[in-house]
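Please open the structure in your viewer and keep the selection box at hand. Each stop below says what to select and then what is there.

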Amino acid sequence: MPSEGRCWETLQALRSSDKGRLCYDRDWLLRGEDVLQECMSLPKLSSYSGWVVDHVLPHIQKNEPPSETSGSSVSTSALDQPSSVPRSPLRNPAFSPVSSATSNGTKDKQESPHTEPMVLQSPRGMKVEGCIRMYELVHRMKGAEGLRQWQEEQEKKVRALSEMASEQLKRFDERKELKHHKEFQDLREVMEKSSREALGQQEKLKAEHRHRAKILNLKLREAEQQRLKQEEQERLRKEEGQARLRSLYALQEEVLHLSQQLDSTDQHRGLLQVDLSAFRTRGNQLCGLVSGIIRATSENGFPTAEDQAAAEGALQEMRDLLSDLHQEISRACEEKRRRDEEEARRKRQGSQMQQRPEAHKESPVPSQGPGAKPNEDLQVKVQDSTMQWYQQLQEASSRCVLAFEGLSNSKDSQAKKIKMDLQKAATIPVSQISTIAGSKLKEIFDKIHSLLSGKPVQSGGRSVSVTLNPQGLDFVQYKLAEKFVKQGEEEVASHHEAAFPIAVVASGIWELHPRVGDLILAHLHKKCPYSVPFYPAFKEGMALEDYQRMLGYQVKDSKVEQQDNFLKRMSGMIRLYAAIIQLRWPYGNRQETHPHGLNHGWRWLAQILNMEPLSDVTATLLFDFLEVCGNALMKQYQVQFWKMILLIKEDYFPRIEAITSSGQMGSFIRLKQFLERCNSRSSSSSVYMSVPISQFTPLPFPLGNHSFLYL
C-alpha cells in the first residue's frame with residue numbers, strides 16, 4: 001500500500017534526525033536516577049580536577065600543535081559556556097587515544113549499546129574532563145592490575161604451598177611405604193630363614209626318624225622274639241608257681257594243724273607242772289613265718305623255690321618241735337610217775353614225814369630238755385582282763401546294732417528316708433573335719449553334739465533330729481563311731497596331720513557322750529585288733545579268708561588286699577587312737593579327767609611289748625604310736641618313758657629284727673631311725689641311755705615280763 005511505504009520513510013527520517021541518533025537508557029527509572037538533574041544543575045568540576053590541571057594539562061599543551069593552541073585560545077572565552085547539543089565522548093578526538101589505549105580494559109563498557117549523555121562544554125573543559133576521566137580510568141586500571149597481580153601472587157603462593165604440602169605428603173607416603181616394604185622384606189627374610197631352618201631340621205628329623213625306624217624295627221623283631229620266649233617262660237613259671245602255691249597252702253594247713261596240736265597240750269601244763277610256753281611261742285612264730293611267706297607270695301604273684309624251701313623248713317621244724325614236745329611230755333610223765341612213787345614211799349615213812357613236813361612239799365626241779373627255752377620268752381595271748389574288756393566292747397556294739405535293727409531293716413519309705421537323713425547328718429560333719437582350726441571345727445562339733453542331744457539340725461536343706469524315730473539315737477551313735485574310725489582308716493592313713501583335728505572332735509564327743517566312745521573303741525578293735533592288742537588265733541575248721549579278716553585284712557572276691565595297703569590302714573587307725581588319748585576338746589570342762597587318757601596308751605604300749613612281735617606289723621604300729629603320742633607320754637611318765645625306749649632299743653628291737661625278712665625292712669628301718677633320733681636329740685634321755693639295764697634297781701624288769709610298764 002502507498003501509505004505503508006510513506007510510514008517507513010517517515011520512520012527512517014526520524015531515525016536519521018539528531019534526536020533519533022540519541023541513545024536512550026530504558027532502565028533509568030529502575031535505577032532511580034534523576035536524568036534531568038544534569039541538565040538543570042550547573043557544571044561542576046571533579047575532585048580530581050586540581051591534580052589534572054597541575055600534572056596533565058602542562059604535558060598536553062606541550063604536545064598540542066600550534067593550530068590547536070590558537071584555536072583553544074580563541075575559544076577560551078567560551079570555556080564556561082556549555083553547548084546545547086549533547087555529544088558522545090567517543091566521537092571527541094581528544095578521547096580517541098584513550099579509547100584505543102583502554103579498549104581491552106573497558107571492553108565491557110564499550111560493548112554497552114548505550115552511552116551516558118554528556119553536556120557539551122568548551123574544548124578546554126572537555127579536555128580537562130577527559131583528562132579527569134582518563135585519570136580515573138587509569139587509576140581504576142592500575143588498581144585492577146595491582147589487585148590482579150596480588151591475586152596472582154597469592155594464587156602462586158597458595159599453589160606453591162599446596163605443591164610443597166603435596167610433595168611433603170608424597171615424601172611421607174614414600175617413607176612410610178619404604179618402611180613398610182623394609183619391614184615386610186625383613187619379615188619375609190626371617191620367615192624364609194626360619195622356613196629354611198625348619199626344612200633343614202625336618203630333613204634332619206626325617207633322616208633320624210628313618211634311622212631310628214630301622215633300629216626300632218630290629219628291636220621290635222628282637223622284642224617279639226624275646227616276648228615269645230618270655231611268654232613261654234612265664235607259662236612254665238606260672239605252672240611251677242601254681243604248683244608251689246598249692247604246696248604252700250598244704251604246708252600252711254599242716255603247720256596250722258600242728259599248731260593246734262601244740263595248743264591242745266595245755267592240759268598237761270597243770271597236770272604235769274611243765275612250762276610249755278616256749279613250744280607254743282615257737283609254734284606261733286613258725287605259723288606267722290608261713291603266713292608271711294604266703295602273704296608275700298600273694299603280693300609278688302607266685303612263690304619261689306626259696307619260699308617253698310623256707311615253708312618246708314618251717315614245717316619240718318614244726319614237726320620236730322611237736323616231737324620234742326611229746327618227748328618233753330613223756331619225760332614229764334615219767335618224772336611225775338617217779339615223783340608219785342617217791343611220794344608214796346615217803347608216805348609210808350610216816351614218822352619221817354611228820355618230822356620234816358616241808359621236805360615232802362618240795363619236789364625236785366626237773367632238768368630242761370634240749371628243746372626247752374629260757375623264761376625270757378614273751379606272751380602270745382593277751383591278758384584275760386584285756387580280753388574281757390575287748391569282749392565287753394564287742395557285745396555293747398552288737399547290742400547297739402540290735403537296738404536299731406527295726407529302723408535298719410524297715411521297708412517303709414518314710415523310715416528309710418529318716419534313716420538316710422540321720423546317717424547323712426551323722427557322717428557328713430565328720431567328713432568335713434580338716435586341718436583348718438577355729439570356728440569351722442567348733443561348728444562341726446556343735447552340730448554333732450546337738451544331733452546327739454536330740455536337737456534338730458540342718459542336713460541337706462531339711463531339719464533332722466534323732467527324736468523322729470525311737471531307734472534314731474542308737475543308729476546315729478553307731479554310725480558316728482563307725483565314721484570316726486573310717487576317717488582314721490582312710491583320711492588319716494593318707495594325711496597323717498588329719499589325725500589331730502579328727503581326734504580332738506572325737507575326744508570332745510566321747511567326753512559328753514561316753515557311749516559313742518565305747519562304740520569307737522569297738523569299731524577300732526574290730527577293724528584293727530592290734531589296737532587291743534590282740535593277735536587272733538587260727539581255730540580248727542575256720543576258713544582261711546575268715547581268719548585273714550580277723551587279722552584285719554580286707555578280703556574281696558577271695559583276694560586278700562596288698563600288704564602295703566593293709567599296713568597303711570592299720571597305721572591310720574593307730575595314729576587316730578594315739579591322738580585321741582592325748583587330746584581334749586579345748587572348750588570342754590577341764591576339771592574332769594580324760595575319758596580315755598594317756599594311761600590307756602601306756603597300758604597298750606606295755607602289753608604290745610610283752611607280746612611276741614609280728615613281722616612288719618609290730619614295727620609299723622610302734623613307730624606310728626610313738627611318733628604321734630611319744631612326746632605326751634614322755635611328759636607324763638618321764639623316767640619310765642626313757643626306760644621303755646631303752647627296753648625297745650636293746651631288747652625288743654632285736655626280736656623284731658630277727659623275724660623281719662629282706663622285703664619287710666621299710667617299717668623296721670623307720671622304727672630304727674626313730675629310736676636313733678630319740679637317743680640323739682633328747683637331752684633328758686642321755687642320762688638313762690648310758691646306764692645298763694641291770695642298774696635300774698628301783699624298777700627291775702626281767703626280759704620275759706616287762707612289769708615296770710604297768711603303772
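Begin by selecting Gln638, which sits in the loop between α24 and α25. This is a predicted model, and in it the phi angle of Gln638 is near 50 degrees, a positive value in a residue that is not glycine. Is Gln638 buried, partly exposed or exposed? With a relative accessible area of 49%, Gln638 is partly exposed, because the class of exposed residues begins over 50%.

Next, select Asp616, which you will find in the loop between α23 (598–609) and α24 (617–637). Asp616 also has a positive phi, near 75 degrees, although it is a residue other than glycine. Its relative accessibility is 9%, so Asp616 counts as buried, since buried means under 20%.

From here, move to helix α25 (residues 639–659) and select Phe653, together with Phe668 in helix α26; both belong to the next topic, aromatic pairs. The structure holds 13 aromatic pairs. To describe a pair of aromatic rings, one gives the distance between the centres and the angle between the planes. In one of the pairs, the rings of Tyr553 and Phe566 have their centres 3.9 Å apart and their planes at 15 degrees, and the pair is therefore stacked. Tyr553 lies in the loop between α21 (544–550) and β3 (555–556), while Phe566 lies in helix α22 (residues 563–580), so this pair ties together parts that are 13 residues apart in sequence. Tyr553 and Phe566 are both buried.

Now look at the two rings you selected before: Phe653 and Phe668 also form a stacked aromatic pair, with 4.5 Å from centre to centre and 20 degrees between the planes. This pair links distant parts of the chain, 15 residues apart, with Phe653 in helix α25 and Phe668 in helix α26. Both of these phenylalanines, Phe653 and Phe668, are buried.

While Phe653 is still selected, add Lys672, which has its place in helix α26 (residues 665–681). Lys672 and Phe653 are 19 residues apart in sequence, and the distance between their C-alpha atoms is 8.1 Å. Lys672 has a relative accessible area of 39% and is partly exposed.

Return to Tyr553 and Phe566 and add Tyr530 and Tyr535 to the selection, because ring pairs link these four residues into a cluster. Then select Val532 and Pro533, which are joined by a cis peptide bond with omega at about 0 degrees. Pro533 is found in the loop between α20 (514–527) and α21.

Another ring to select is that of Tyr587, together with Lys442, which lies over the face of Tyr587 at 5.3 Å from the ring centre.

For the cysteines, select Cys528 and Cys678. Cys528 has a relative accessibility of 0% and counts as buried, and Cys678, at 16%, counts as buried too. How many disulfides does a search of the whole structure find? The search finds zero.

Finish at helix α1 (residues 2–16), where Leu14 is found. Leu14 has a relative accessible area of 52%, so it is exposed. Add Trp8 and Leu11 to the selection, and you have a nonpolar patch on the surface, in which Trp8, Leu11 and Leu14 together have about 360 Å² of accessible area.

Notes. Residues are numbered from 1 along each chain as its sequence is written. This is a predicted model: local features need pLDDT of at least 70, side-chain atom pairs count only at pLDDT 80 or more; totals for chains, interfaces and linings use all residues. Side-chain values use heavy atoms; hydrogens and water are left out. Helices (H or I, at least four residues) and strands (E, at least two) are DSSP runs, numbered from the N terminus. Buried means under 20% relative accessible area, exposed over 50%, partly exposed in between (1.4 Å probe, protein chains only). Patches are made of residues with over 30% relative accessible area and no salt bridge: like charges are joined within 9 Å, nonpolar side chains (Val, Leu, Ile, Met, Phe, Trp, Tyr) within 5 Å. Accessible areas come from the Shrake-Rupley method with a 1.4 Å probe; for residues, only the protein chains shown count as cover. A salt bridge is a side-chain nitrogen of Lys or Arg within 4 Å of a carboxyl oxygen of Asp or Glu. A disulfide is a pair of cysteine sulfur atoms within 2.5 Å. Rings of Phe, Tyr and Trp (its six-membered ring) pair if their centres lie within 6.5 Å; planes under 30 degrees apart count as stacked, over 60 as edge-to-face and the rest as tilted. A charge sits over a ring if NZ of Lys or CZ of Arg is within 6 Å of the ring centre and within 35 degrees of the ring normal.
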